[in-house]
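Trainee: I would like a close look at a single part of this structure, with its surroundings described step by step.

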Amino acid sequence: MAAQQQAPAAAPPRLVKVSDDLYVIQNANHTVAEIGQNGGNVAVIVTSEGVVVVDSKFARMHDDILAKVRSVTDRPIRYLILTHNHGDHADGAARFQAEGVSVISSIASRDHMARAGMAGRAQIA
């Protein structure tokens, strides 16, 4: 029996400036394989009071997200908004919470994360 081949590592996500204070951390090639390895895309909104991040990708992508945010501002990350509870969007939420970031989601997402035993559930729903 032939050994199963592992998919090649996805290219790291890249930071793209959308407008003056809006960025997206997007997967380089926009493929499903990248979502499985890197998670979904992340929006970064820089405000005068701090940074709002939309979605957290997988927990293993946390340091990459922080590095990209820090490359555009030294303002603190204040809020993380989760669009939904799938791991490729919400798995990294606990890492943000551990740094004092307030997590926001729908009540349904928070409840689903609780039932699934996921860390990083929203304080604000």
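Trainee: Which residues form a nonpolar patch on the surface, and about how much accessible area do they have together? Please go on from there to strand β4 and its partners.

Mentor: This is a predicted model, and the patch you ask about is formed by V18, L22 and I45, which together have about 220 Å² of accessible area. Of these residues, V18 lies in strand β1, which covers residues 14–19, and V18 counts as exposed because its relative accessibility is 53%, where the cut-off for that class is over 50%.

Turning to strand β4, which spans residues 50–54, we find a strand that is mostly covered, since five of its five residues are buried. On one side of the pairing, β4 runs antiparallel to strand β3, residues 42–47, and five bridges join the two; the connection between β3 and β4 is a hairpin that passes through two residues. Within this pair, V51 of β4 stands opposite V46.

Strand β4 also pairs with strand β5, residues 77–81, but here the sense is parallel and the pairing extends over four bridges. In this second pairing, V53 has L80 of β5 as its bridge partner. The path between these parallel strands involves helix α2, residues 62–70, and β4, α2 and β5 make a β-α-β unit that is right-handed. Taken together, β4 is joined to β3 by antiparallel bridges and to β5 by parallel ones, while five of its five residues are buried.

Conventions. Residues numbered from 1 in each chain as written. Predicted model: local features only at pLDDT ≥ 70, side-chain atom pairs only at ≥ 80, totals over all residues. Heavy atoms only, no water. Buried < 20%, exposed > 50% of the residue type's maximum accessible area, 1.4 Å probe, protein only. Pairing = 2+ DSSP bridges. Right-handed = clockwise from strand over helix to strand, strands pointing away. Patch = residues over 30% accessible without salt bridge, like charges linked within 9 Å, V, L, I, M, F, W, Y side chains within 5 Å. Areas by Shrake-Rupley, 256 points an atom, 1.4 Å probe, with all protein chains shown as cover. Salt bridge = Lys/Arg side-chain N within 4 Å of Asp/Glu carboxyl O.
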